[in-house]
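Subject: Structure handover, with notes on pockets, cavities and strand pairing

Dear colleague,

I am passing on the structure we spoke about, and below it you will find my notes on the open and enclosed spaces and on one strand with its partners. Please read them with the structure open beside you.

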Amino acid sequence: MKKIFSFLLLSVLVLALAACGTKEDSKSSSDEGTKEDGKEKVTLKVGASHTPHAVILEKAKPILEKEGIELKIVEYQDYVLPNEDLNNGDLDANYFQHIPYLEQKVKEEGYDIVNAGEIHIEPIGIYSKKYKSLEELPDGATILISNSIPDHGRILSLLEANGLIKLKEGIDKTKATLDDIVENPKNLKIEATDAPEMMVTYYENEEGDAVVINSNFAIDAGINPLKDSIAIEGSDSPYANVIAVRKGDENREEIKKLVEVLRSKEIQDFILEEWGGSVVPVNK
């Protein structure tokens, strides 16, 4: 009888220890991937244009990994879906647009999204396969621009800075339209034709006398904004590209860390080296 009792007791103890071991194993398995070096691991899903935005984010990825932030980059080819997906909660942030564009879309669509920090400027440029300078443009020349309204003030300011047109006095030039042109001594025909991403095609097909192209699309097509443009925006441009988030998320620690890393010397040096001044980092 004693032997039977001892055997039963031993069996119970073995089962109990096995159960404890299973529980501990289960706990370790469920925690895997959520903590690293004792830190909670956070995932950030960020939408971005391919060049230079996604390229810059890829460079920042290992730095953020050390801070316990896993960066998931979703690439977009257009300017509409990244804000829609952010506003709907499918993204934690996006990185593709400049401040006037963001402000315009918030006004038009009622998006509850805000600027969490400026990262870089992509100077917009004027390109031509027919003429080597703006001075060579003939009377009545056609300049093709995109149909992106938030970019019109930017383009018109560039044309004014180069003496081709004059805008109304006292207006906010970031919001200038074609109707705000008061002087056009060369009788230039400025035509808003298509989406920004299509302007490279117009340039390559030699349509118009000159074409205005956003630098991200130029770079993506192998065009060097500094070498190939006949005029380019200065580095003091107010059109900084930003990290955009839903309102309130700009205070999240991981979003602050994302902006901090993108403004770090390591990333700024990478931007300057990678694009040779065609993309200019912002550190404010």
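A cavity here is a set of grid points where a 1.4 Å probe fits but cannot get out, whereas a pocket is an open set with protein on both sides within 12 Å along at least five of seven lines. By this rule there are two cavities of 30 Å³ or more. Please keep in mind throughout that the model is a predicted one.

Enclosed spaces

The largest cavity has a volume of about 120 Å³, and of the 13 residues that line this cavity, Y79, F96, Q97, H98 and N214 are the closest to its centre. At least two lining residues come from each of β5 (93-98), α5 and α7 (215-220), and β5 supplies the largest share, with three residues. Sorted by class, the lining of the largest cavity has seven polar residues, together with three nonpolar and three charged ones.

The second largest cavity has a volume of about 40 Å³, and its lining includes Y127, S128, K129 and K130, as well as Y202, Y203, E206, E207, G208, D209, A210 and V211. The elements that give two or more residues to this lining are α6 (199-204) and β12 (210-213). By class, the lining of the second largest cavity has five nonpolar, five charged and two polar residues.

Open spaces

Which residues line the largest pocket? They are I99, P100, E103, Q104, K107, I149, P150, T174, K175 and T177, and the space in this pocket comes to about 260 Å³. Two or more of the lining residues are given by each of α4 (99-109) and α5 (149-161), with α4 giving the most, namely five residues. The lining of the largest pocket divides by class into four nonpolar, three polar and three charged residues.

The second largest pocket has a volume of about 180 Å³, and of the 14 residues that line this pocket, those closest to its centre are Y101, K105, N147, S148 and P196. Here too, α4 and α5 are the elements that give two or more residues to the lining, and α4 again gives the most, in this case four residues. Seven of the residues lining the second largest pocket are nonpolar, four are charged and three are polar.

If you would like to follow single elements through these spaces, α5 is a convenient one to highlight, since it appears among the elements named for the largest pocket, for the second largest pocket and for the largest cavity.

Strand pairing

The last part of my notes concerns strand β6, which covers residues 113-121 and pairs in the antiparallel sense with strand β14, residues 240-246, over seven bridges. Within this pairing, N115 has A244 of β14 as its bridge partner. Strand β6 also pairs in the antiparallel sense with β15, a strand of residues 280-281, over two bridges, and there the bridge partner of I121 is V280. When you look at the side chains, it may help to recall that in a regular strand they alternate between the two faces of the sheet.

With best wishes

Technical notes:
Residues numbered from 1 in each chain as written. Predicted model: local features only at pLDDT ≥ 70, side-chain atom pairs only at ≥ 80, totals over all residues. Heavy atoms only, no water. 1 Å grid on protein atoms, 1.4 Å probe; cavity = no way out; pocket = protein on both sides within 12 Å on 5 of 7 lines; lining within 4 Å. Points joined across faces, edges and corners; volume = space filled by probe spheres on them. Nonpolar A, V, L, I, M, F, W, Y, C, P; charged D, E, K, R; others polar. Pairing = 2+ DSSP bridges.
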